[in-house]
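Ready for a walk through this structure in your viewer? Load the file, switch to cartoon, and keep the selection box handy.

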Amino acid sequence: MLVAFIVACEVAFWLLLGAGLAVRYLLRRKRLSTVLLVAVPLVDMVLLVASAIDLRSGGTATFSHGLAAAYLGYSVAFGRRTMRWADQRFAYRFAGGPPPWRPPRYGAARARYEWRMWGLGMVAWAVACGLLLAGVVYIGDLSRTQELLVWVARLTLAMVIWLVFWPVAYTVFPKRDPAERR
């Protein structure tokens, strides 16, 4: 049941974001657009409350509860960036805006970008793991919350892999611009 709710929250996130951008650029109603875009993070709060209620009412933590925490961590760390990403593309495609920003592709600039993204990933990790551990403490029964601890390990492993294959790799082995190789 919680998986369906997570999916519904994800759909609501993108629907509210799309509606907010459409209202802003196609209907030129900035105030209504702001209301719709402010509602986007509220979807995350609803998901957090639903997950906590499910656990508090006697449920055993499942993959879905961990996924909800990971989703909330992502939303906190990357939500604003995701909204800006969508805004730039929507403005470019439908409102004659400038081309969207693209990350650097080569050299030290790319390495700095990868470190910034990993830093945001660490914010997401901290939020998600904080929520997972708070869930363990809130429920107070390790037999029902073991999956939440498994999620802490999963997310930690994901962050280590991200660290090694992106920021460290781009720092140690920077990708060179083909035009500079000549």
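Select helix H1 (2-25) and show its side chains: the buried residues of H1 pack against H2 and helix H3 (63-94). The model you are looking at is a predicted one. To pick out the buried set, highlight Leu2, Ile6, Cys9, Phe13, Leu17, Gly20, Leu21, Val23 and Tyr25 in H1. While the helix is selected, check its length as well: H1 has 24 residues and reaches 34 Å from its first C-alpha to its last, which is close to the 34 Å expected at 1.5 Å a residue.

**Into the core**

Several of those H1 side chains lead to the next stop. Which residues touch the most other members of the largest nonpolar core? They are Ile6, Phe13, Leu17, Leu21, Tyr25, Leu47 and Met83, out of 18 residues in that core. H1, H2 and H3 are the elements that give two or more residues to this core. Now centre on methionine 83, which touches Leu17, Leu37 and Val40, leaving aside residues up to four places away in sequence. A second, separate core has 13 residues, and Ala69, Ala70, Ile139 and Leu155 are among them.

**Around the first turn**

Go back to H1 and follow the chain into the loop between helix H1 (2-25) and helix H2 (30-56), where you will find arginine 28. Look at the backbone here: phi of arginine 28 is near 60°, a positive value in a residue other than glycine. Is this arginine 28 buried or exposed? With exposed meaning over 50% relative accessible area, arginine 28 counts as exposed because its relative accessibility is 61%.

**The largest pocket**

Next, turn on a surface and select Tyr74, Arg81, Thr82, Arg84, Trp85, Gln88, Arg89, Trp101, Arg102, Pro103, Tyr113 and Met117, the residues that line the largest pocket. About 300 Å³ of space lies in this pocket. Colour the selection by element and you will see that H3 and helix H4 (107-139) each supply at least two residues of the lining. H3 provides the largest share of that lining, with 7 residues. Colour by class instead, and the lining of the largest pocket has 6 nonpolar, 2 polar and 4 charged residues.

**The second largest pocket**

Now move to the second largest pocket, with a volume of about 220 Å³. To find its centre, select Leu48, Ser51, Leu55, Leu131 and Gly135, which lie nearest to it among the 15 lining residues. H2, H3 and H4 are the elements that give two or more residues to this lining. Which element gives the most? That is H4, with 6 residues. Colour this lining by class too: 12 of its residues are nonpolar, 3 are polar and none is charged.

**The end of H3**

Return to helix H3 and select tyrosine 92, which is found in that helix. Tyrosine 92 is partly exposed, with a relative accessible area of 43%. Show what surrounds this side chain: setting aside residues up to four places away in sequence, tyrosine 92 touches Gly97, Pro98, Pro99 and Pro100.

**After H5**

Follow the chain past helix H5 (142-172) and stop at proline 174, in the segment after that helix. Proline 174 is partly exposed, with a relative accessible area of 41%. Draw a distance from the C-alpha atom of proline 174 to that of alanine 108: the two are separated by 6.9 Å, although they are 66 residues apart along the chain. Among residues over four places away in sequence, proline 174 touches Gly107 and Ala169.

**Zooming out**

To finish, clear the selections and bring the whole chain into view. How many helices and strands does the chain have? There are 5 helices and 0 strands, and read along the sequence they follow the pattern α-α-α-α-α. Rotate the C-alpha trace onto its principal axes, along which the chain spans about 65 × 50 × 20 Å. Colour by accessibility and, of the 182 residues of the chain, 35% count as buried. Last, try a contact map: among contacts in the chain with a separation of 6 or more, 69% join residues 24 or more positions apart.

Terms used:
Residues numbered from 1 in each chain as written. Predicted model: local features only at pLDDT ≥ 70, side-chain atom pairs only at ≥ 80, totals over all residues. Heavy atoms only, no water. Helix = DSSP H or I, 4+ residues; strand = E, 2+ residues; numbered from the N terminus. Buried < 20%, exposed > 50% of the residue type's maximum accessible area, 1.4 Å probe, protein only. Expected span 1.5 Å × (residues − 1). Contact = heavy atoms within 4.5 Å. 1 Å grid on protein atoms, 1.4 Å probe; cavity = no way out; pocket = protein on both sides within 12 Å on 5 of 7 lines; lining within 4 Å. Points joined across faces, edges and corners; volume = space filled by probe spheres on them. Nonpolar A, V, L, I, M, F, W, Y, C, P; charged D, E, K, R; others polar. Core = buried A, V, L, I, M, F, W, Y, C linked by side-chain atoms within 4.5 Å.
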